[in-house]
Amino acid sequence: MRLQHYLDAGNFTVQSITSNMPTDINVIRSVRSEIIPGGRVLRSSGDSPIIDYLDKRYHYGASAYDYQSHTAIANDDKLEPSVFIPTLLATLAPFGGQSEYTIDLHWILPNPSVPSRHVVGQPIGEYLREQLNGTFDFTRNGLGMSVKVFPQEPQYEGLAPVLAARKQSLIPSTGNTICIDIGGGTWNVLVVNQQGDIIDQASKDKAGGVRLASLIADNYIVKSRLGDELELERIMDGLANRSNCYCGNPRVHWNDVLGQSIEQWFSEGKGWTFTRFKQHMANTTMIMFIGGNANLLEPRIKGKQGFFIYPNPETANVTAMRYMAMAT
């Protein structure tokens, strides 16, 4: 059985779709905990799987928070094969009752062309593609799996949503489109010309959702409720699920400072974008937002000409990859 698998290993969530069927998107929180031999093991689930691979055992997803030691996948450097491969495996569940199958892997990277640290002169996308090619035997939630992976050429984050939005006439097909992908860690910007080619790209590290979470955490009003012992990932969770409170506790909220925090955060990101990409602005017909934090900007850009938020922006990359694959 050969399936199509679409993967967006983001800094906030890991999203995937298996096959071209209109199945639900699998979403796993981008946190993992390494389980030491003899250590306590918590309950696993579809979106918090336990992966055994190469003598290592990891618990992924929201359940990883409940271990004493856990880390965000981005902090482990998700572009390292030792991190990226187990993360991919966490998204590969039995399909149609089968635990052995083959996938064509459609995947994205912020910039596949940056040099790899492992091989001089080799782009990271090419290096990772070599590491991902092959058969992987692992255990997922106690079930033995064997998956043969044929990785396609990695795509740039944001390119598929731009092409999909143009194809569906959601944005103009003329001029440049600037796509801003507001992820958990980074503020990624892609400039796509009228022909569909990437003509410029840059990322601002620690400017995504984690920057907004930092602004909220540093506010003295919020500090009086949260104290100094807090995890920014928990604030990011509260922003993502729109509860605007810490660990679901309504007494520990930031509703009264959210507006001003978003205003400062957006101003910083917008200012950097317009400065860095000023040479492209004259020929730009649309600035499009995607990513898990894009919906937070809706009150500020709704109805403004030249700005557009992609439908369900938090899953834009993975759904657009599937759309473009099915449309060709």
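Axes here are lines fitted to C-alpha atoms, for helices over the stretch in contact, with angles running from 0 to 180 degrees between N-to-C directions. With that in hand, here's a quick tour of a predicted model. We'll start with a pair of helices that cross, then drop in on three loop residues: S63, N219 and H280.

**Where helix 1 meets helix 2**

- Helix 1 covers residues 81-90 and helix 2 covers residues 124-132; their axes come within 11 Å and cross at roughly 55°.
- That angle makes helix 1 oblique to helix 2, because it falls outside the roughly parallel range (under 35 degrees) and the roughly perpendicular one (65 to 115).
- As for handedness, the crossing of helix 1 past helix 2 is right-handed.
- On the helix 1 side, P81, F84, I85 and L88 make the contact, and they meet Y127, L128, Q131 and L132 of helix 2.
- Sort those contact residues by type and you get 7 nonpolar, 1 polar and no charged.

**S63, between two strands**

- You'll find S63 in the loop that links strand 6 (56-60) to strand 7 (71-72).
- S63 has a relative accessible area of 17%, so it counts as buried, the cut-off being under 20%.
- Setting aside neighbours within four places in sequence, S63 is in contact with L42, R43 and S48.

**N219, between two helices**

- N219 sits in the loop between helix 4 (209-218) and helix 5 (220-226).
- This residue is buried too, with a relative accessible area of 11%.
- Once neighbours within four places in sequence are left out, N219 is in contact with V257 and Q260.
- Take S261 as well: N219 and S261 are 42 residues apart in sequence, yet their C-alpha atoms are 8.7 Å apart in space.

**H280, between a helix and a strand**

- H280 belongs to the loop that runs between helix 7 (255-276) and strand 17 (284-290).
- Buried or exposed? H280 counts as buried, at 12% relative accessibility.
- The side chain of H280 is joined to the side chain of Q279 by a polar contact of 3.5 Å.
- Which residues does H280 touch, not counting those up to four places away in sequence? They are N176, V191, I199 and D200.

Key
Residues numbered from 1 in each chain as written. Predicted model: local features only at pLDDT ≥ 70, side-chain atom pairs only at ≥ 80, totals over all residues. Heavy atoms only, no water. Helix = DSSP H or I, 4+ residues; strand = E, 2+ residues; numbered from the N terminus. Buried < 20%, exposed > 50% of the residue type's maximum accessible area, 1.4 Å probe, protein only. Polar contact = N/O pair within 3.5 Å; in protein donor to acceptor, adjacent residues only side chain to side chain. Contact = heavy atoms within 4.5 Å. Parallel < 35°, antiparallel > 145°, perpendicular 65-115°, else oblique. Left-handed = near helix turned anticlockwise from the far one by under 90°. Nonpolar A, V, L, I, M, F, W, Y, C, P; charged D, E, K, R; others polar.
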